[in-house]
Amino acid sequence: MPRYKLTIEYDGTPFAGWQTQADQDTVQGVLAAAFRRFCGEDVHVAGAGRTDAGVHATGQVAHVDLSRSWRSDTVRDAMTAQLRPHPVAVLAAEEVPASFDARFSATRRHYLYRIVNRRPDLALDRDRAWRIPQALDAQAMHVAAQRLLGRHDFSTFRAAECQAASPVKTLDQLDVSRDGDQIRIVTSARSFLHHQVRSMVGSLMRVGEGRWSADDLEAALKAADRSRCGPMAPAAGLYLAAVSY
């Protein structure tokens, strides 16, 4: 039974997240339905990460097992046709060994968070970025972000409903940069806790607006207490950008 690796892009706005739910549209659900129309099979589309409602992806990775071999470009193009009109695209498909697992073979996940730092409302970026009207100091945010790198108990930045066995994670990258009114926060780790990225971004916003110092952010981390977290950033600005193997 051949296995295919899929690289997937989607706008998460109309979806109740990645994972299939009986009564709501999900990314996993519309992909499975598209495969059913394409090849007549009920398949499980296993993703590298379960994005929440409203979260986007430019480089989600999934795998699927089919009963027969297809050309990779046929899989990609057939899924392009069958996914319409949903805002989901299979960017690439390739046959991989049965040992490949989109989730468990991943060595690092890369996320991007987009902030638009301006007073006017968003037109083109509505539901695709977090508009913050008050001025933010992106350099101060970047300097403070470096305090979170390394292996720590990230309970402060963990959702109450997180199902991870341990709150201890190793954060490899957390960079903040500005280009005009756009602020980009790029972060990488082998895995993240539920809501960890959005929680870190909300806390960094406190630094950017001058209400927290880098010391305050580090103290919040060391407290390992969810009540010490800043406001959680909205889902609209978050993108699963890539997965490394």
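Which strands and helix do the buried residues of helix 1 pack against? In this predicted model, select helix 1, residues 27-39, and show its surroundings. Its buried residues pack against strand 1 (3-10), strand 3 (56-65), helix 2 (72-83) and strand 4 (88-96).

Stay on helix 1 and colour the buried positions: Val 27, Gln 28, Val 30, Leu 31, Ala 32, Ala 33, Ala 34, Phe 35 and Phe 38. For its length, pick the C-alpha atoms at the two ends, which lie 18 Å apart. The 13 residues should span 18 Å at 1.5 Å a residue, so the two values agree.

Next, go to the ends of the helix. At the N-terminal end, select Thr 26, which caps helix 1 through a side-chain oxygen 3.0 Å from the backbone nitrogen of Gly 29. Just after the helix, select Gly 40, where phi is positive, at about 75 degrees.

Now return to Phe 35 and Phe 38 and add Trp 70; ring pairs link these three residues into a cluster. Add Arg 68 as well: Arg 68 lies over the face of Trp 70, 3.7 Å from the ring centre.

The structure holds seven aromatic pairs. For one of them, select Tyr 10 and Trp 18, a tilted pair with 6.3 Å between centres and 35 degrees between planes. Tyr 10 is buried at a relative accessible area of 4%, and Trp 18 is buried at 2%.

Finish at Phe 154 and Phe 157, whose ring centres are 6.4 Å apart; the planes stand at 50 degrees, so this pair is tilted. Both residues are buried.

How values were computed: Residues are numbered from 1 along each chain as its sequence is written. This is a predicted model: local features need pLDDT of at least 70, side-chain atom pairs count only at pLDDT 80 or more; totals for chains, interfaces and linings use all residues. Side-chain values use heavy atoms; hydrogens and water are left out. Rings of Phe, Tyr and Trp (its six-membered ring) pair if their centres lie within 6.5 Å; planes under 30 degrees apart count as stacked, over 60 as edge-to-face and the rest as tilted. Buried means under 20% relative accessible area, exposed over 50%, partly exposed in between (1.4 Å probe, protein chains only). A charge sits over a ring if NZ of Lys or CZ of Arg is within 6 Å of the ring centre and within 35 degrees of the ring normal. Helices (H or I, at least four residues) and strands (E, at least two) are DSSP runs, numbered from the N terminus. The expected span of a helix is 1.5 Å times one less than its number of residues. Contact means heavy atoms within 4.5 Å. A polar contact is a pair of N or O atoms within 3.5 Å; within protein, one must be able to donate a hydrogen and the other to accept it, and residues adjacent in sequence count only if both atoms are side-chain atoms.
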